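Reader: I would like a close look at one helix in this model and at what surrounds it. Please take its dimensions and then work outward to the rest of the chain.

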Amino acid sequence: MNKYQAWLLLTLTNLFWAGNYLFGKYVTAEVSPLWMTLSRWSIALLLLWPIAMYREKPDWQQLVRSWRPLILLGLLGVIGYNLFLYAALIYTSPTNAALVNALNPALIVLFSAILLRERMSAIKIGGLLLSVLGVVFIVTDGNPLQILDTTYNRGDLLMLGAILVWTFYSIVGKRLDSIPPITATAASATLAVLVLIPFGLVDPPDVMQISNLSLTGILYMAIFPSVGSYMLWNVALRFISASQAGVSLHLIPVFTVLIGFLLGEIVTLAQIVGGLLVFAGVSVTTGFLEQLRQKKSTLTG
């Protein structure tokens, strides 16, 4: 696999996560963030372990030796990020959550430079800023100056916690390259579920009061954002840097708009322009445009 195939995986990853934002807003009205996380990952493990054992043949002794980084991945990526995200969606809209989430790539770039000694060229930094502008253009309906007037509520502050947790999850995942990605996801999620079970038993939900929409949402989150996104994210991190992978998170608000359009919502010119800016920024940051120019030069030469 090359880095451009890795970026295709990241595109699917963010498409699945966009659905997580939309479903999460509905499900949090009936199910607590803790039980959403616990039920989602308990179901996901029923799929993750068979896939891991069939495709990767886990080395169980290696897993036992790596329990410390694995439990750290579980605490950060499974428990921490999801609890912050779902708690945030109780108080804020998916759009505001996506706006705050757009800060995540900048945090990953910053901490990757500090902790992993990764370097970003001026061109890639420019692509990062361009994609940030695209996200801002979308959420402010074409008037970026409105960002200065935004009043951040409790949900927005919780989203700041979510993206900080995800930054460290990405960096830890980048360093844990001795365990295959699907196995690493399954093992870390298993440890996280074991940690959550005692807390979940203290205040179980009334299953009879959960609507079909919420049950569908939990099932979606278990299969696509949990199994699909986490596996694809960890696979992609084996081929590209954590800072570059972080830039792909700008695709989440773009896909949120597209899903809304399929559900009957009107797509504005500002959202179209913002989406184009995001894709342009991601292309610059990943070096995709440079690769196209090189191929063109090879063909014409």
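Author: In this predicted model, helix α4 has 25 residues, and at 1.5 Å a residue it should span 36 Å. The C-alpha atoms at its ends are 35 Å apart, which agrees with that expectation. The helix has a bend of about 30 degrees at Gly-80.

Just ahead of α4 (67-91) comes Ser-66, in the loop that joins it to α3 (60-65). Is Ser-66 buried or exposed? Its relative accessibility is 11%, and because buried means under 20%, Ser-66 counts as buried. Beyond its neighbours within four places in sequence, Ser-66 is in contact with Ser-178 and Ile-179.

The loop on the other side of α3 offers a contrast. Lys-57 sits between α2 (33-55) and α3, and its relative accessible area of 58% makes it exposed. Most residues other than glycine have a negative phi. Lys-57 is not a glycine, yet its phi is positive, at about 45 degrees.

Next, the interior. The largest nonpolar core has 83 residues, and those touching the most other members are Trp-41, Leu-48, Tyr-81, Met-159, Trp-166 and Trp-233. Helix α4 gives the most to this core, with 11 residues. In soluble globular proteins, nonpolar side chains tend to be buried together. Met-159 can serve as an example from the core: leaving out residues up to four places away in sequence, it touches Tyr-21, Leu-85, Ala-88, Ala-97, Val-100 and Asn-101. Of these, Leu-85 and Ala-88 fall within the 67-91 range of α4.

Aromatic rings are the next topic. How many aromatic pairs does a search of the whole structure find? It finds 13. A pair of aromatic rings is described by the distance of the centres and the angle of the planes. For Phe-16 and Phe-224, the ring centres are 5.2 Å apart and the planes meet at 55 degrees, so the pair is tilted. This pair joins distant parts of the chain, with Phe-16 in helix α1 (residues 3-27), Phe-224 in helix α10 (residues 212-236), and the two positions 208 residues apart. The two partners differ in their cover: Phe-16 is buried, with a relative accessible area of 17%, whereas Phe-224 is partly exposed, at 35% relative accessibility.

A second pair has another geometry. Tyr-169 and Tyr-230 have ring centres 6.0 Å apart and planes at 65 degrees, so the pair is edge-to-face. Here helix α8 (residues 154-175) supplies Tyr-169 and helix α10 supplies Tyr-230, with the two 61 residues apart. Both of these tyrosines are buried. They also belong to a cluster linked by ring pairs, whose other members are Trp-17, Trp-41, Tyr-81, Trp-166 and Trp-233. Among the cluster members, Trp-41, Tyr-81, Trp-166 and Trp-233 are also listed with the core residues that touch the most other members.

Further along, helix α7 (residues 122-139) holds Val-136, which is buried at a relative accessible area of 15%. The C-alpha atoms of Val-136 and Ala-270 are separated by 10.0 Å, although these positions lie 134 residues apart along the chain. Lys-124 is also found in helix α7, and with 25% relative accessibility it counts as partly exposed. From C-alpha to C-alpha, Lys-124 and Gln-244 are 8.7 Å apart in space, while they are 120 residues apart in sequence.

Helix α12 (residues 251-262) allows a second check of length. Its 12 residues should span 16 Å at 1.5 Å a residue, and its end C-alpha atoms are 17 Å apart, which agrees. Buried residues in α12 are Leu-251, Ile-252, Pro-253, Val-254, Phe-255, Thr-256, Val-257 and Gly-260. After α12 comes Gly-264, with a positive phi near 105 degrees.

Finally, the whole chain. Its secondary structure comes to 14 helices and 0 strands. Of its 301 residues, 51% are buried. Among contacts between residues at least 6 apart in sequence, 91% join residues at least 24 apart. The chain exposes about 14500 Å², and carbon and sulfur atoms supply 69% of that area.

Definitions and conventions: Residues numbered from 1 in each chain as written. Predicted model: local features only at pLDDT ≥ 70, side-chain atom pairs only at ≥ 80, totals over all residues. Heavy atoms only, no water. Helix = DSSP H or I, 4+ residues; strand = E, 2+ residues; numbered from the N terminus. Buried < 20%, exposed > 50% of the residue type's maximum accessible area, 1.4 Å probe, protein only. Contact = heavy atoms within 4.5 Å. Core = buried A, V, L, I, M, F, W, Y, C linked by side-chain atoms within 4.5 Å. Areas by Shrake-Rupley, 256 points an atom, 1.4 Å probe, with all protein chains shown as cover. Expected span 1.5 Å × (residues − 1). Bend = angle between axes of the 7 residues up to and from the residue. Phe/Tyr/Trp six-rings, centres within 6.5 Å; stacked < 30°, edge-to-face > 60°.
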